[in-house]
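What does this two-chain model look like, and how do its chains meet? The report below takes the chains one by one, then the interface, then two single residues.

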Amino acid sequence: MSLNSVSTARSVPETDTGPASPSGGSLLRSELIVLFRRGRTLAMLGALAAIPIMIALAIKLSPAKLSAAKGPPFLDQVSNNGLFLVVTALLISLPLFLPLTIGVVAGDTIAGEASLGTLRYLLIAPAGRIRLLLVKYAGVAAFCFVGTAVVAITGTLVGLAFFPVGRVTLLSGDTVGIGEAIGRLSLVSSFVFVSLLGLSAIGLFISTLTVVPVGAMAATVVMSVVVQILDALPQLGWLHPWLFSHYWIDFADLLRQPISFASFGENALLQLGYIVVFGALAIGRFASKDVLS
Amino acid sequence: MNRKTVRWLPVAVVPVVIAAGVLIIPSQAGAAVTLPDKSAQQVLELIQNSTVRQLSGEVTQTSALGLPALPTGAGAPALAPGASTSDLGASVAAPDSTDATQALELLTGSHTARVYLDGDTKSRVQIMDQLAERDAVRNGSDVWFYDSKKNAVTHLTLPAGFSAAEAQAKAAAEAKVVMTPTELAKKFLAKIDPSTTVSVGQDTRVAGRTAYTLVLTPRTTDTLVGSVAITTDSETGLPLSVSVEARGQKDPAFSVAFTTVTIGAPDAALFRFTPPAGATVKEQALPALPDAATVLPNGTTLGDLNPGTMTGKLTPEQLNELKAKLPAGTPVPVVTGTSWDAVVSLPAGTVPAELTGNKLFTAATSAVEGGRLASSALLNVLFTTDGRVFAGAVPLERLQAVAATK
C-alpha cells in the first residue's frame with residue numbers, strides 16, 4: 001500500500017468541529033471518520049474479510065475429506081459445522097494478519113500526522129496533547145474491534161452459506177445449540193479484540209517516536225512477531241506470562257464446558273498493563289517533545 | 001519540577017505500581033498460616049476420616065523428571081505397546097498407537113485439568129490442552145473418553161463386579177489422565193511402613209484453604225525419592241497437593257496440586273455424556289478379570305494351579321500367590337525389596353529385541369557397567385546385557401546390586 005497516495009482528508013473533521021475548542025467527542029468522531037474513510041483501512045478490512053472466505057473455498061473445493069488431528073485445530077470441524085469457520089478464521093488471523101493491520105493503523109497515528117505536516121494544526125487547537133493521544137488510541141481500538149468483527153461476521157455468514165450448521169461440539173465433547181454457540185463465538189471475538197489492545201498501545205508509543213509512519217508500522221509488526229517467537233521458546237518460561245501474546249490462543253477456554261473465564265480475566269489484566277505502561281510512555285514522549293512538523 | 005518532567009512522571013509511577021501489585025498479591029496469598037498443632041498421627045487420621053466425596057476443582061501437575069519434553073500431539077509410534085500388560089490382572093489394550101506417547105507426554109512439562117467428583121461412581125476429568133481437551137467421564141457403569149483433537153469417543157461399560165476403586169483406577173489408566181492429589185496421596189499413604197519417617201511440616205495454604213503438611217521421608221538412602229510432601233485441608237482432611245522431591249534436585253520432581261477447589265456436588269449435567277454428532281465412537285470391551293478358566297501362557301488354567309479354591313474373580317492376594325506357583329520360565333515381574341528401595345525385575349526376553357536394538361533406544365540410554373541405563377529424576381531402568389530389565393526409584397548401584405544377585 002502506498003502511503004503518499006492516501007490522502008488524509010483533514011478537511012472532513014474541520015467542518016464539523018468548532019474552530020476554537022473541539023470537544024473530545026467531536027475529535028473522536030472526526031478521527032473515526034478519517035480512519036474508516038481511508039482507502040488503506042478499507043483495503044485491510046477487505047483483506048481480513050477474505051480470510052474466512054478463502055478458508056471456506058479451500059475446504060469446499062478440496063476433494064479429500066480432512067482427517068481430524070491434522071492441520072490447524074478446528075479446521076476439520078468446519079465441513080461438519082459452518083460455525084467453526086469463525087473459530088478457524090480467528091485462529092489463523094490472530095498471529096499475523098490482525099497484528100499486521102493493527103501495526104499499520106497504530107503506527108500511523110502520530111507519525112502519519114507528523115509526516116503529512118498536519119500534527120501542528122491538530123495541536124494548535126487547545127485540545128491538549130494527552131487528549132489527542134487518547135483519541136488516537138480510541139481510533140486504533142475501534143479498528144481492532146471492527147477488524148475482529150469483520151473476520152467473525154464474515155466467518156459466520158460464509159459458514160452459514162457454505163456448510164451445514166447444527167449443534168456445536170465444544171472442546172469437552174458436550175454440544176450446545178446454535179444460540180449458545182453464537183454467544184460463545186461472540187465471547188471468543190471479544191477475547192481476540194481485547195488481545196489486540198496491548199499491541200495497539202505499543203504501536204501508539206512507537207508512533208510518537210518518529211515522523212516516518214512506515215518505520216513505526218514496521219516496528220510494531222516486528223514487535224508482535226518477536227514477542228510471539230519469544231513466547232514459543234521454552235527456555236524463556238519465566239518471561240512468558242509477561243508477553244502480550246501469551247494468552248492469545250487461550251480463547252479456546254471459552255469453548256469448554258463448563259466455560260472458563262479465568263484466561264479471559266488474565267488476558268484482560270495483562271493487556272491493561274500494556275495499555276497503562278505504553279500509554280504512560282507515549283504521554284511522556286509526546287507531551288514533552290517539540291513538534292516541528 | 002518543570003512541565004516536561006511532570007509528563008514523564010506516569011512512566012516512573014506505573015512500573016512501580018505494577019511491581020508492587022505483582023509482589024504483594026502473591027505474598028498475601030502465601031502469608032504464614034498458623035493452625036492448631038497436630039501430630040503426624042492426628043493428620044493421618046484427619047485424612048483417613050475425610051468424608052469429601054463431592055467436589056469441583058482445578059488441578060495443576062508439573063513434572064521435572066529430566067525427561068525430554070515431547071511435542072504435544074506428536075504422532076510418534078508406540079514406545080512400548082506391551083507396557084501395561086506385565087500384570088496378570090485385566091488390562092485394557094491401548095486404543096491406538098499414539099497412546100503411549102500421550103501417556104509419556106503427561107509426565108513432562110505441566111498440565112492443567114479440571115476435576116469433578118460426585119460420590120464414588122460419578123467423575124469427570126478434563127485435561128485442558130492448548131486448543132484441545134481430553135475428557136474422561138464416568139457415570140455409574142458407563143465410562144466415556146473424549147479426545148477433541150481426534151474428535152473421537154471411546155465408550156466402556158464396566159461390569160457389575162467392578163469395585164469403585166478398581167473402576168477409578170481403570171478409568172485413570174485408560175484416559176492417561178492426570179491423577180488428582182487425593183488419589184496420589186492415598187497411594188503414598190497406603191505405603192507408609194516402618195521404612196518411612198512421617199512428620200508434620202509447615203502449615204500452609206493451598207487453593208485458598210489452610211492446610212497441614214505431612215512429610216514422608218524414606219529412612220533408606222537406597223532410593224531416588226528425597227521426600228514426599230502431602231498437604232491436606234485442615235477442615236475436611238481432603239488431600240490438596242502432593243509433591244515428590246528427588247534427591248539432589250531443587251525443584252520437586254513431580255507435583256500435583258489443586259489450584260482451586262470447591263467442595264459440594266457439581267452440576268449433574270457434567271456427568272451426562274452423549275457422543276457429539278460427527279465424532280467417531282468406539283465401543284471398548286473390557287477384558288474379564290482372570291478367573292478359574294483363564295488360560296496361562298504355558299497352557300494350564302488358573303483353576304489347575306489352584307484346585308478347589310478358585311471361585312469367581314481373583315483378589316490381588318490370590319494373584320500374587322498364583323504368580324509364585326507359576327512354572328519356571330513364565331515371564332513374571334519379580335519385586336525385590338518392599339518399600340522405597342523396591343526394584344522390579346523382568347526376566348530376559350520380556351523386552352523385545354527390536355526395542356533394545358533401536359537407535360532411539362541407544363540415544364535415550366547411556367552405557368553403564370552391566371548394561372544400559374535409562375535415567376530420570378525418579379526412576380532408573382537398567383537393561384542388562386543378558387536381556388533382563390531392572391527398574392525402580394532407586395540409584396543405579398542398587399539396580400546393579402540386585403542384578404548381580406540373580
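Helices here are DSSP runs of H or I with at least four residues, strands are DSSP runs of E with at least two, and both are numbered from the N terminus. By that rule chain B has 10 helices and 19 strands. Everything that follows describes a predicted model.

**The two chains**

Chain A has 12 helices and 2 strands. Its order along the sequence is α-α-α-α-α-α-α-α-β-β-α-α-α-α. The table sets the two chains side by side.

| Chain | Residues | Helices and strands | Buried residues | Share of contacts at least 6 apart that join residues at least 24 apart |
|---|---|---|---|---|
| Chain A | 293 residues | 12 helices, 2 strands | 53% | 77% |
| Chain B | 406 residues | 10 helices, 19 strands | 42% | 56% |

How confident is the predictor in chain A, by mean pLDDT? The mean is 88, and 88% of the residues of chain A reach 70 or more. One stretch needs care. Over residues 1-20 of chain A, pLDDT stays under 50. The model has 27 contacts beyond four places in sequence for this stretch. Where pLDDT is low, the predicted coordinates should not be read in detail.

**The interface**

How many residues of each chain take part in the contact between chain A and chain B? On the chain A side there are 34, and on the chain B side 30. The area buried between the two chains is about 2,400 Å². Carbon and sulfur atoms give 63% of that area. Within chain A, the residues that lose the most area to chain B are Leu171(A), Arg256(A) and Ser288(A). Together these three account for 19% of what the chain A side buries.

Polar and charged links also cross the interface. The count is 11 residue pairs in polar contact, with both residues at pLDDT 80 or more. The rule finds 2 salt bridges between chain A and chain B. Arg124(B) and Asp174(A) meet through their side chains in a salt bridge, at 2.7 Å from N to O.

Which helix of chain A gives the largest share of the side that touches chain B? Helix H12 of chain A, residues 262-288, does so with 10 residues. By class, the chain A side holds 20 nonpolar, 10 polar and 4 charged residues.

**Two loop residues**

Ser50(B) sits in the loop between helix H2 (40-48) and strand S1 (54-63) of chain B. Is Ser50(B) buried or exposed? Its relative accessibility is 10%, so Ser50(B) counts as buried, the cut-off being under 20%. A polar atom of its side chain lies 3.5 Å from the backbone nitrogen of Val52(B). Leaving out residues up to four places away in sequence, Ser50(B) touches Thr236(B), Gly237(B) and Leu238(B).

His240(A) lies in the loop between helix H11 (213-232) and H12 of chain A. His240(A) is buried because its relative accessible area is 10%, and the cut-off is under 20%. Beyond four places in sequence, the contacts of His240(A) include Leu230(A), Asp231(A), Ala232(A) and Leu233(A). Pro234(A) and His246(A) are also among them. Gln228(A) is 12 residues from His240(A) along the chain, and their C-alpha atoms are separated by 9.6 Å.

Conventions. Residues numbered from 1 in each chain as written. Chains lettered and ligands numbered in written order. Heavy atoms only, no water. Contact = heavy atoms within 4.5 Å. Buried area = accessible area lost by both parts, 1.4 Å probe. Salt bridge = Lys/Arg side-chain N within 4 Å of Asp/Glu carboxyl O. Polar contact = N/O pair within 3.5 Å; in protein donor to acceptor, adjacent residues only side chain to side chain. Nonpolar A, V, L, I, M, F, W, Y, C, P; charged D, E, K, R; others polar. Buried < 20%, exposed > 50% of the residue type's maximum accessible area, 1.4 Å probe, protein only. pLDDT = per-residue confidence, 0-100.
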